[in-house]
Amino acid sequence: MAIDRLTRAEDFQTVLDLGTGSGVLAIAVAKAMPAADIIATDLDVQSVKVAAENIRINGMAGRIAVTRADGVRHIWLRQSPPFDLVIANILAG
């Protein structure tokens, strides 16, 4: 619901899905914001594989870049322009 509300209110150009897990949030943003550049990352290798497959199955492989990253230290994130939107569905602990 938050992604729906946010993407209706603003035009985000660069989006980071931090801790993507299954990739579902990145996919939702990609469908709502066809022009946005989206990077999806996760610390867990298996999650990255699952997210990449879900992104492919949903026809978003050319729209969402997915990689393994430990937080925001990955080169893609450091070289990216500032993100207009950061989404995360992670546990605070």
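Biologist: Arg8 first. What is its relative accessible area?
Modeller: This is a predicted model, and the value is computed from it. Over 50% counts as exposed. Arg8 passes that mark and is exposed, with a relative accessible area of 68%.

Biologist: Which residue forms a salt bridge with Arg8?
Modeller: Side chains of opposite charge can pair when their charged atoms come close. Here the closest N and O atoms are 2.8 Å apart, inside the 4 Å cut-off for a salt bridge. The partner sits four residues from Arg8 in helix H1 (residues 2-9), so about one helical turn separates the two. That partner is partly exposed, at 40% relative accessibility. The residue is Asp4.

Biologist: How many salt bridges does a search of the whole structure find?
Modeller: Asp4 with Arg8 is one of them. Glu53 with Arg56 is another, at 2.6 Å from N to O. Asp70 also pairs with Arg73, their closest N and O atoms being 3.0 Å apart. The search of the whole structure gives a total of three.

Biologist: What separates Glu53 and Arg56 in helix H3?
Modeller: Glu53 is partly exposed at 34%, and Arg56 is partly exposed at 49%. Their side chains meet in a salt bridge. They are three residues apart in helix H3, so the separation is about one helical turn.

Biologist: Now Asp70 and Arg73. Which one counts as exposed?
Modeller: Asp70 has 37% relative accessibility and counts as partly exposed. Its salt-bridge partner has a relative accessible area of 57%, and the cut-off for exposed is over 50%. The exposed one is Arg73.

Biologist: Asp17 has no salt bridge. Which side chain of opposite charge is nearest?
Modeller: Asp17 lies in strand S1 (residues 14-18) and is buried. A salt bridge needs the atoms within 4 Å. The nearest side chain of opposite charge is 12 Å away, and it belongs to Arg63.

Biologist: Which residue's backbone nitrogen lies 3.2 Å from a polar atom of the Asp17 side chain?
Modeller: Beyond four places in sequence, Asp17 is in contact with residues including Leu25, Ile39, Thr41 and Ile87. One more residue in that contact list places its backbone nitrogen 3.2 Å from the side chain's polar atom. That is Ala26.

Biologist: Is Thr7 buried or exposed?
Modeller: Thr7 has its place in helix H1. Its side chain has a polar atom 2.8 Å from the backbone oxygen of Ile3, and one 3.3 Å from the backbone oxygen of Asp4. Farther along the sequence, Thr7 touches Phe12, Ala32 and Met33. At 12% relative accessibility, under the 20% cut-off, Thr7 counts as buried.

Biologist: What is the handedness of the β-α-β crossover from S2 to S3?
Modeller: Strands S2 (residues 37-42) and S3 (residues 64-68) run parallel and are joined by five bridges. Ile38 stands opposite Ile64 in S3. The chain passes from S2 through H3 to S3, and the crossover is right-handed.

Biologist: How far apart in space are Asn54 and Val15, C-alpha to C-alpha?
Modeller: Asn54 lies in H3, the helix that spans residues 45-57. Asn54 is partly exposed at 24% and touches Ser22 and Ile27, leaving out residues up to four places away. Val15 is 39 residues from Asn54 in sequence, and the C-alpha distance is 18 Å.

How values were computed: Residues are numbered from 1 along each chain as its sequence is written. This is a predicted model: local features need pLDDT of at least 70, side-chain atom pairs count only at pLDDT 80 or more; totals for chains, interfaces and linings use all residues. Side-chain values use heavy atoms; hydrogens and water are left out. Buried means under 20% relative accessible area, exposed over 50%, partly exposed in between (1.4 Å probe, protein chains only). Lys and Arg count as positive and Asp and Glu as negative; His and the chain ends are not counted. A polar contact is a pair of N or O atoms within 3.5 Å; within protein, one must be able to donate a hydrogen and the other to accept it, and residues adjacent in sequence count only if both atoms are side-chain atoms. Contact means heavy atoms within 4.5 Å. Two strands pair if DSSP finds at least two bridges between them. A crossover is right-handed if, with the strands pointing away from the viewer, the path from the first strand over the helix to the second runs clockwise.
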